[in-house]
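Got your viewer open? Load the model, switch on side chains, and follow along.

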Amino acid sequence: MSRRLAPADARQALADALSAEYAAIYAYGPIGVQLSDAERRAARSAEAAHRARRDALVLQLSGDGGQLPADRAGYALPFPVTDRAGALRLAVEIEERTGAFWRAALPVTSGAERTRALNALTDCAVRATRWRRAARVTPVTVAFPGRPR
Amino acid sequence: MLRAGALLAVGGSTGPLAGCDLFDGDEPAPPPDPLESLADESRELAARHRAAIAADPSLADWLAPIAEAHAAHATEIRRLIGRPEPSGATPTGTTPTATPGDRAALLAALREAEQRGRQSAAKACVAAPGERAALLGSVAAARATHVEALA
């Protein structure tokens with residue numbers, strides 16, 4: 001997972017966001033396995049939201065006729081997920097990380113494109129808050145969602 | 001600058017006099033930065049949360065981090081526009097107060113304020129030049145997470 005947080009232009013920023021969305025979709029597989037009932041449903045709906053962003057990005061970026069970053073068969077997780085606590089921790093991290101890529105798209109986009117990036121950043125931040133609450137992490141919010149720490 | 005700021009901060013307390021002042025004044029005020037009102041809004045949101053804590057101290061653990069986030073937003077926005085925070089009075093000239101007793105009503109009012117704040121920050125983010133967009137995006141997203149955290 002390349003971590004380029006100062007993309008040169010909108011295309012680069014959105015390609016980076018697409019790679020982050022691929023990785024998020026992948027991560028929700030091992031996350032969901034460790035959760036039950038309501039949390040698993042929340043994980044499914046989060047994954048569906050990331051798939052929707054991915055599809056929109058693929059459509060948009062291939063319309064420009066350029067090269068698309070490729071999805072991979074697997075992504076290295078930052079730590080092995082073996083229980084519910086680890087799954088919730090990874091879910092928080094995935095949302096924070098994906099949000100950071102969308103935030104990086106804000107300075108190099110404008111108009112409707114920037115609105116879409118902002119909506120994506122906001123959705124990631126809200127989901128991270130929900131996962132922190134599920135994990136009983138306090139506070140459940142951060143002051144500057146998406147800002148590199 | 002103070003006069004223009006007061007005019008911008010849409011409080012009921014400013015009234016038409018501030019407008020007269022602005023047009024009759026002999027010292028031309030520098031044009032207000034469009035983000036000054038957003039910084040003021042952050043300060044006002046921080047004050048609202050602090051007032052809720054004063055009304056119901058059992059909310060402190062929950063609301064204090066949110067109040068701190070708003071204060072940090074105000075500082076960062078002012079740093080971005082190169083205008084330091086005016087010391088002293090709250091920007092709208094009114095200090096928010098909260099009535100003790102009805103916890104649910106306190107929280108509902110805060111949620112509503114955060115929701116409005118989210119919309120104004122999102123608008124500012126989309127309208128801003130690129131170099132301002134990332135900070136404003138974080139402010140808008142943070143306010144959205146506050147709505148969630150208060151649910």
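We'll walk along one helix, then visit some salt bridges. Keep in mind that this is a predicted model.

**Stop 1: helix 4 of chain B**

Select residues 60–81 of chain B, which make up helix 4. Try a distance between its end C-alpha atoms: they sit 31 Å apart. At 1.5 Å a residue, these 22 residues should span 32 Å, so the two values agree.

Now which residues of this helix are buried? Colour L63(B), I66(B), A67(B), A69(B), H70(B), H73(B), A74(B), I77(B), R78(B) and I81(B). Turn the view to look down the axis of helix 4 of chain B: the buried residues fall within an arc of 165°, so they line one face of the helix. There's a simple rule behind such patterns: an α-helix has 3.6 residues a turn, so residues three or four places apart point the same way.

Flip to the other side of helix 4 of chain B and pick out D61(B), E68(B) and R79(B), which are exposed. Then go back to the buried residues and show what covers them: the cover includes helix 3 (36–55), helix 5 (103–127) and helix 6 (130–149) of chain B. Before leaving, click on G82(B), which follows helix 4 of chain B and has a positive phi, near 70°.

**Stop 2: salt bridges in chain A**

Over all chains, the structure holds 17 salt bridges. Start with D55(A) and R54(A), whose closest N and O atoms are 2.9 Å apart. Are these two buried or exposed? D55(A), at 41% relative accessibility, counts as partly exposed, while R54(A), at 18%, counts as buried because the cut-off for buried is under 20%.

Next, select R127(A) and E95(A), another salt bridge, with the closest N and O atoms 3.0 Å apart. This pair links distant parts of the chain: R127(A) is in helix 4 (residues 111–134) of chain A and E95(A) is in helix 3 (residues 84–105) of chain A, 32 residues apart. Both R127(A) and E95(A) are buried.

**Stop 3: between the chains**

Show E76(B) together with R147(A); their side chains meet in a salt bridge at 3.7 Å, N to O. This pair crosses between chains, running from helix 4 of chain B, where E76(B) sits, to the segment after helix 4 of chain A, which holds R147(A). R147(A) is partly exposed, with a relative accessible area of 35%.

For a last selection, take R130(A), R133(A) and E148(B): salt bridges that share partners join these residues into one network.

Technical notes: Residues are numbered from 1 along each chain as its sequence is written. Chains are lettered from A and ligands numbered from 1 in the order in which they are written. This is a predicted model: local features need pLDDT of at least 70, side-chain atom pairs count only at pLDDT 80 or more; totals for chains, interfaces and linings use all residues. Side-chain values use heavy atoms; hydrogens and water are left out. Helices (H or I, at least four residues) and strands (E, at least two) are DSSP runs, numbered from the N terminus. The expected span of a helix is 1.5 Å times one less than its number of residues. Buried means under 20% relative accessible area, exposed over 50%, partly exposed in between (1.4 Å probe, protein chains only). The arc is that of the directions from the helix axis to the C-beta atoms. Contact means heavy atoms within 4.5 Å. A salt bridge is a side-chain nitrogen of Lys or Arg within 4 Å of a carboxyl oxygen of Asp or Glu.
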